[in-house]
Amino acid sequence: MSSTYLSLHYHLVFGTKNREQLIAAAWRAKLHEYLGGTILGLGGFPQGVGGGGGHVDLLVGLQATHVLADVMRE
């Protein structure tokens with residue numbers, strides 16, 4: 001019997017207005033850790049979280065039952 005494998009990965013970017021450098025290096029790691037934990041709490045898989053002072057990048061794996069708009073809202 002055959003089976004299907006589905007792997008959905010998304011690159012999500014959050015940016016500050018005008019990419020101003022508002023994300024201080026002092027608490028940037030805590031922000032990345034918090035966002036990764038949020039993705040885990042929603043049943044996703046944080047593959048990578050990073051970014052600079054003006055944006056945050058997330059590479060996340062989601063199940064087919066996830067709705068991307070709902071994940072982004074949360």
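Here is a short talk between a trainee and a mentor about this predicted model.

Residues are numbered from 1 along each chain as its sequence is written, and side-chain values use heavy atoms, with hydrogens and water left out. Local features need pLDDT of at least 70 and side-chain atom pairs count only at pLDDT 80 or more, while totals for chains, interfaces and linings use all residues.

Trainee: In what pattern do the helices and strands follow along the sequence?
Mentor: Helices (H or I, at least four residues) and strands (E, at least two) are DSSP runs, numbered from the N terminus. The protein chain has 2 helices and 3 strands. Read in order, they give β-α-β-β-α.

Trainee: What is the radius of gyration of the protein chain?
Mentor: It is taken over C-alpha atoms, and the globule rule is 2.2 Å times the number of residues to the power 0.38. The C-alpha trace spans about 55 × 20 × 15 Å along its principal axes. For 74 residues, a compact globule would be near 11 Å, but this chain has 14 Å.

Trainee: Which element supplies the largest share of the largest nonpolar core?
Mentor: Such a core is a set of buried Ala, Val, Leu, Ile, Met, Phe, Trp, Tyr and Cys residues joined through side-chain atoms within 4.5 Å; buried means under 20% relative accessible area, exposed over 50%, partly exposed in between (1.4 Å probe, protein chains only). This one has 9 residues, including L12, I23 and V71. Helix 1 (25-41) and strand 3 (55-62) each supply at least two of them. The largest share, 4 residues, comes from strand 3.
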